[in-house]
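Please open the structure in your viewer and keep the selection tool ready. The stops below say what to select next and what is there.

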Amino acid sequence: MTIDWQSILFQFLGGLGVFLFSIKFMGDGLQKSADDRLREWLNRFTTNPIMGVLVGIFVTICIQSSSATTVITVGLVSAGFLTLRQAIGVIMGANIGTTITAFIIGINIGLYFYPLLAIGAACLFFLKKATYQHIGQILFGFGGLFLGLELMSASMQALHQLADFASLTLHLSNQPILGIFLGTIFTLLVQSSTATVGVLQGLYAEQLIGLNSALPILFGENIGTTITAVLASLGASIYAKRAAAAHVLFNVIGTIIFMLLFTPFMQYVQWISSVFHLEPRMQIAIAHGSFNVFNMMIQLPFIAGLAALVTKLLPGHDGHINVTTKHLDPSFIDSSPAIALGQAKEEVLRMGEHALRGLEETFLYMKSGETEHIPTVLQLEVGLNHLDNEITDYLVMVSKQPLSRADSVRHHTLLTNVRDFERIGDHFENILELLQYKDHHEVSLSKSARQDLIGMFSLAIEAVRKSIEALDTASLSLAQEVTELESLIDDMEDKLRQKHIARLNTNECSGAAGIVYMDIVSNLERIGDHAVNIADSILGIRH
């Protein structure tokens, strides 16, 4: 009997496409339902590695993608919200969470996926409320997942007639390293470990591959899934690179351990399958889940060692900034609101230091054009937003306590200071984007315009620095100096606008360069305004 290779290939690739689309579509629906709470859960509840594992499992189940969880984790490490040890715990949990899809696939739902597709489509097309849209997306994705599996399984049935395929599976059973390689490469290509497991479940269910050949492919899939985190870490901080490297090492070490214990592990899977009379697809799901759970249990006590290893493999320090709060102790809110306000002030001062450093790093990027300053600026701006939320929430809780008149004034002042520092972060981020636009579009500033910006930048940095010192020491003289600097910045803005018009008239400056130039001047003037707001608040308290 002749095998129609074109039909087999097209049907398999079509099924794989439907499967991959459905997984992503369902994951997007779940992620939209959870909204921004995912990052908050990862940031707030990963207090130790064990909690990190649990949060990693939960978040991955919610979004149906271990890759997405690890990418978010790498981003949080890069931004300074998670330590490397916390991140490793989350990554371990993500590996376990992703096995849930394999168990779902292992459930034989017959042809019920067709009604799921119909209900999902009805929700998407006829119900306009966002909640129902998300539910429709989840149901349609869930049904499409099984449709893709059905198409792939149907395409595989013809392979029974192929003698060469039987010899290939025999070769795989004798060469487990080849199986690991195939699992890794296939997952790298399709960018989905779930897809690899789904295909493997289909092959095993059709008896095209034995358990001794399937397990090495399963181990290789866990290595292949790490590529997404590696790609996400490129261009990020050294700490993000270490988190991605820990993900790779965790799965490579697990594969080595289970290859050494291959026979006992295979016997365990066969035993548990016979005890519970598991279907072939569910047997692969059990093997997948067991591998990741046992791997986590083996390596969890050695998280500190794993973190030390990746630190040694990727040495260096890139000015990593801790943007989490240090001084906001909730116990002081009830017992002593005055002390709580003092704690909040310390955190506001830290926020001011971050704002100042972000402004300085932006200035250095403008002068040198070295892109190494960009990640630091972006990290500082994200950190300022985070501190803004944390400090504001803390001060809101303090406001519910009885405060003296003086403490009420301090409380109000700190709230306005927080807002001013956060806005400074927005302005230096705006300047960074303008400078990046200038570089990407090869817009050049004239020498005169460049010198003007350097002068105004220096004044703005000095104003912010003195405002922080004035806030720290409650110094009237420093606050007055900030007021004088702000007046100089305002005068300078007027002069620079006039000089800019003169350069345009003499064709010394292009229109595109002029737009960038004046927007930077405007942002620097606003930074001066926020610095003087801080100084005015100090003068108001003292008076």
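**A tour by selection**

Begin by selecting Glu-469, which is found in helix H22, where helices (H or I, at least four residues) are DSSP runs, numbered from the N terminus. This is a predicted model, in which local features need pLDDT of at least 70 and side-chain atom pairs count only at pLDDT 80 or more, while totals for chains, interfaces and linings use all residues. Residues are numbered from 1 along each chain as its sequence is written, and side-chain values use heavy atoms, with hydrogens and water left out.

Glu-469 is partly exposed, with a relative accessible area of 37%; buried means under 20% relative accessible area, exposed over 50%, and partly exposed in between (1.4 Å probe, protein chains only). Now add Glu-346, Glu-353 and Asp-472 to the selection, since together with Glu-469 they gather in a patch of negative charge on the surface. Such a patch is made of residues with over 30% relative accessible area and no salt bridge, like charges being joined within 9 Å. Helix H19 (337-368) and helix H22 (447-473) each supply at least two residues of this negative patch.

Stay with helix H22 and select Arg-465 and Glu-462, which form a salt bridge whose closest N and O atoms are 3.0 Å apart; the term means a side-chain nitrogen of Lys or Arg within 4 Å of a carboxyl oxygen of Asp or Glu. The two residues are three apart in helix H22, and therefore separated by about one helical turn. Arg-465 is partly exposed at 28%, and Glu-462 is partly exposed at 27%. Salt bridges that share partners join Glu-360, Glu-462, Arg-465, Lys-466 and Glu-481 into one network.

Next, select Lys-499 and Asp-452, whose side chains meet in a salt bridge (3.0 Å, N to O). Lys-499 lies in helix H23 and Asp-452 in helix H22, so this pair ties together parts that are 47 residues apart in sequence. Is each partner buried or exposed? Asp-452 counts as buried at 9% relative accessibility, whereas Lys-499 is partly exposed at 36%.

Move to helix H19 and select Glu-361 with Arg-357, a salt-bridged pair with its closest N and O atoms 3.8 Å apart. Both lie in helix H19, four residues apart, about one turn of the helix. Glu-361 counts as buried at 13% relative accessibility, while Arg-357 is partly exposed at 29%.

Finally, select Leu-476, which has its place in helix H23 (residues 476-505), and then Asp-536: the two are 60 residues apart in sequence and 9.6 Å apart in space, C-alpha to C-alpha.

Methods
Patches are made of residues with over 30% relative accessible area and no salt bridge: like charges are joined within 9 Å, nonpolar side chains (Val, Leu, Ile, Met, Phe, Trp, Tyr) within 5 Å. Accessible areas come from the Shrake-Rupley method with a 1.4 Å probe; for residues, only the protein chains shown count as cover. Lys and Arg count as positive and Asp and Glu as negative; His and the chain ends are not counted. The place of a charge is taken as NZ of Lys, CZ of Arg, CG of Asp or CD of Glu.
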